[in-house]
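Visitor: Could you take me on a close look at the ligand's surroundings in this model? I would like to see how the pieces there fit together.

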Amino acid sequence: MPVITCIDDLKRLHRKRTPKMFYDYCESGSWTEQTFRENTSDFQKIRLKQRVAVDMTNRTLETEMIGQKVAMPVALAPVGLTGMQRADGEIKAAKAAEKFGVPFTLSTMSICSIEDVAEHTSAPFWFQLYTMKDQDYLRRLIERAKAAKCSALVITLDLQILGQRHMDLKNGLSAPPKLTPKVLADLATKWTWGLEMLGTKRRSFGNIVGHAKGVTDPSSLFSWTAEQFDPQLDWGKIEEIKKMWGGKVILKGVLDPEDAKMAAKVGCDAILVSNHGGRQLDGALSSIRMLDPILDAVGDEVEVHLDSGIRSGQDVLKAVSMGAKGTFIGRAFVHGLGAMGEEGVTRALEVIAKEMDISMALCGKRDIKDMGRGDLLIPEDFSGRWKD
Ligand SMILES: Cc1cc2nc3c(=O)[nH]c(=O)nc-3n(C[C@H](O)[C@H](O)[C@H](O)COP(=O)(O)O)c2cc1C
């Protein structure tokens, strides 16, 4: 059993054990990948303040996200094709999250369906919605999430049109993968992945195939997706979706203070400051840089969460100390899944929790809710001075 001490260890194993097409799908950003890189490098510009001679017994990372108790302020982000990183990946990740006591978010573009995940878990999970042109399908999807007792709807706002990731085009990304000679040569070194995949029936988009009109076979799916994502989404439509849902809502993909104000005005339980992990607008600023201006704009009105670039417990600590009520991790848990299945997701959560707990103690704090701006050193020009 390899010794896992950090998320990078899981990433290395993920790369070794997962078909190249799916590892690349995870570990890439759009176009030049500037935003993807800065999401992580900007975290390193913020420093934590070391304090000493403070009682550090009885520490707790427990807090709440949208009124829900969480073992630490970290949720699993919605990640499409998770069930291609490892057979039944969404079920495995959801089980690990449930056992750990953090929320799991199921993507619209998952391999395991809403019903599959509900059947294999007992804690309510969150459902991420891409807004579609096909209103019938959208309505039914929302009804299915309600029937599965999902406890929040995460509406993604930053993917009305798809940013380009070069590797996905070069690799011919598809689910299931097309068995070209190149893919077969790659699979020959990934036996465990292949055997596990042969043992499951879940190998295409479980929320879509058989549910959306005209999508009975997966090969038509990518064109369906390109045609179906709604380029006319606006705040009025978001309000309608909110009404259809009638429960808790997180608006995901907000990166601008003006948009944050609109999100708060429309009404939601939280906004998620995110640039989709650097997979959409290349050249946008990192999420952690945009956190302050967004907190200034709406921090008193609505709960603010953050994702994009979190690879450690120290990163979570920095985001929370800056003022985020919660965070989401994408690649960090996918590396765990690709490396070691459900156990790997648990390891990823354990690594992050331990890093957060010990670093919090070294900052002289015992309760995550007590961490604040005073525990950070933030460069004066961190948010940047940019000419409009
Ligand atoms: C492989 C991959 C697939 C993703 N699929 C979705 C998705 O289906 N829906 C969504 O709202 N966000 C999706 N995201 C974005 C994540 O929810 C999240 O915003 C992002 O991963 C956070 O950045 P991080 O990976 O640096 O933690 C995806 C991200 C990755 C890496």
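Guide: Happy to; here is a walk around the ligand, followed by a glance at the sheet and a loop elsewhere. Please keep in mind that this is a predicted model.

Let's start with the shell. The ligand is surrounded by 24 residues, and the closest are Ala77, Gly80, Ser107, Gly277 and Gly330. Helix 2 (20-26) and helix 16 (331-362) are the elements that give two or more residues to this shell. By chemical character, the shell residues divide into 11 polar, 9 nonpolar and 4 charged.

Next, the annotation. An unreviewed UniProt entry lists Tyr25, Arg165, His276 and Arg279 under "binding site". Those four span 255 residues in sequence, but no two of their C-alpha atoms are more than 13.2 Å apart, so they gather at one spot.

Two of these listed residues deserve a closer visit. Tyrosine 25 lies in helix 2. Tyrosine 25 counts as buried because 23 other C-beta atoms lie within 10 Å, and the cut-off for buried is 20 or more. Leaving out residues up to four places away in sequence, tyrosine 25 touches Leu81, Asp168 and Leu173.

Arginine 279 sits in a loop, the one between strand 9 (270-273) and helix 14 (287-298). Arginine 279 is buried too, since it has 23 C-beta neighbours inside 10 Å. Setting aside neighbours within four places in sequence, arginine 279 is in contact with Gly29, Ser30, Gly163 and Arg165. That last partner, Arg165, is itself on the UniProt "binding site" list.

Now for the sheet. Strand 9 belongs to an open sheet of 8 strands, with parallel pairing and the order 4-11-10-9-8-7-6-5. Its edge strands, strand 4 (74-76) and strand 5 (105-106), each pair on one side only. Further in, strand 7 (residues 152-156) and strand 8 (residues 249-254) run parallel and are joined by 4 bridges. For one specific pair, look at valine 154, whose bridge partner in strand 8 is isoleucine 250.

Finally, a loop for contrast. Phenylalanine 229 is found between helix 11 (221-228) and helix 12 (235-245). With 18 C-beta neighbours inside 10 Å, phenylalanine 229 counts as partly exposed. Beyond its neighbours within four places in sequence, phenylalanine 229 is in contact with Tyr130, Met132, Leu159, Gln160 and Ile161. From phenylalanine 229 to threonine 32, the C-alpha to C-alpha distance is 24 Å, with 197 residues of sequence separation.

Notes. Residues are numbered from 1 along each chain as its sequence is written. This is a predicted model: local features need pLDDT of at least 70, side-chain atom pairs count only at pLDDT 80 or more; totals for chains, interfaces and linings use all residues. A residue is near a molecule or strand if its C-beta atom, placed from the backbone, lies within 6 Å of it. Ala, Val, Leu, Ile, Met, Phe, Trp, Tyr, Cys and Pro count as nonpolar, Asp, Glu, Lys and Arg as charged, and the others, Gly among them, as polar. UniProt positions are given in the numbering used here, feature names are shortened, and annotations may be inferred rather than shown by experiment. A residue is buried if 20 or more other C-beta atoms lie within 10 Å of its own, exposed if 12 or fewer, and partly exposed in between; C-beta atoms are placed from the backbone. Two residues are in contact if their C-beta atoms, placed from the backbone, lie within 7 Å. Two strands pair if DSSP finds at least two bridges between them.
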